[in-house]
Amino acid sequence: FDVKALGVPSPSENITFSDCVAWGGKARCYGINGEVDSAIRNVTFKDSAVICRDATWNNNRVASLAVVVELADGSIDGVTFDNIEIFRDEGRPILVKIYDGEAENFEIKNVVFRNISYTSYMQPKIAGTNSNTNTVQVELDNITVCGKKQSFPQLLFNIGKYCEIT
């Protein structure tokens, strides 16, 4: 279940995915992925589950819950992942990343992970680029890992430079 904005002049906005079940055998499960040629705003993934995700071909591009920007000409504002359980992820359960190393002045902001429970083999990751002109802003609220609620979930994340985590 992906939202993309490839070759469209108008924004992709006000999109909700609810009560979904995913099995990511070759790719990601839920998120904003790949091409962001125009703005993507107000996207919600809620009340859903990932049974299994065993796609580990590139753990800097794929995850159960992902906001991964490969072509960065637009912006992302307001993505919420709420009440999602990841039963098994053999790679990264959560990934927010500007994969386009040439990106300048790109914004990923108001991304919220709330009421997320996961079992995973890898550390979640939030990363921008080496440019301080890009914005990556993420909020973590009520994260449970392998059955244990995390008081400071940001301590479990691999967090890159120029990223704001609350």
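## A nonpolar surface patch

On the surface of this structure, V21, W23, I51 and F87 form a nonpolar patch, and together these residues have about 440 Å² of accessible area. The coordinates come from a predicted model, and the values reported here should be read with that in mind.

One member of the patch, F87, lies in strand 7. With a relative accessibility of 42%, F87 counts as partly exposed, because that value falls in between the limits of 20% for buried and 50% for exposed residues.

## Aromatic pairs

Six aromatic pairs are present in the structure. One of them joins Y30 and F45, whose ring centres are 6.1 Å apart and whose planes stand at 50°, so this pair is classed as tilted. Y30 belongs to strand 4 (residues 30–36) and F45 to strand 5 (residues 40–53), and the pair thereby links distant parts of the chain, 15 residues apart. Y30 and F45 are both buried.

A stacked arrangement is found for F81 and F113: the centres of their rings are 4.8 Å apart and their planes are at 0°, so the pair meets the description of stacked, for which the planes must be under 30 degrees apart. Because F81 lies in strand 7 (residues 76–89) and F113 in strand 9 (residues 107–120), the contact ties together parts of the chain that are 32 residues apart in sequence. F81 counts as buried, at 0% relative accessibility, and F113 likewise counts as buried, at 0% relative accessibility. Strand 7 therefore holds both F81, which takes part in this ring pair, and F87, which belongs to the surface patch.

The pairs also connect with one another, since F1, F17, Y30, F45, F81 and F113 are linked by ring pairs into a cluster. This cluster includes the residues of the tilted pair, Y30 and F45, as well as those of the stacked pair, F81 and F113.

## Cysteines without disulfides

The structure holds zero disulfides, and the sulfur distances show why for two of the cysteines, C20 and C29. For C20, the closest cysteine sulfur is that of C29, at 11 Å, which is too far for a bond. For C29, the closest cysteine sulfur is in C52, at 8.5 Å, and this separation is also too far for a bond, given that a disulfide requires sulfur atoms within 2.5 Å.

As for their surroundings, C20 is buried, with a relative accessible area of 12%, and C29 counts as buried at 2% relative accessibility.

Definitions and conventions:
Residues are numbered from 1 along each chain as its sequence is written. This is a predicted model: local features need pLDDT of at least 70, side-chain atom pairs count only at pLDDT 80 or more; totals for chains, interfaces and linings use all residues. Side-chain values use heavy atoms; hydrogens and water are left out. Rings of Phe, Tyr and Trp (its six-membered ring) pair if their centres lie within 6.5 Å; planes under 30 degrees apart count as stacked, over 60 as edge-to-face and the rest as tilted. Helices (H or I, at least four residues) and strands (E, at least two) are DSSP runs, numbered from the N terminus. Buried means under 20% relative accessible area, exposed over 50%, partly exposed in between (1.4 Å probe, protein chains only). Patches are made of residues with over 30% relative accessible area and no salt bridge: like charges are joined within 9 Å, nonpolar side chains (Val, Leu, Ile, Met, Phe, Trp, Tyr) within 5 Å. Accessible areas come from the Shrake-Rupley method with a 1.4 Å probe; for residues, only the protein chains shown count as cover. A salt bridge is a side-chain nitrogen of Lys or Arg within 4 Å of a carboxyl oxygen of Asp or Glu.
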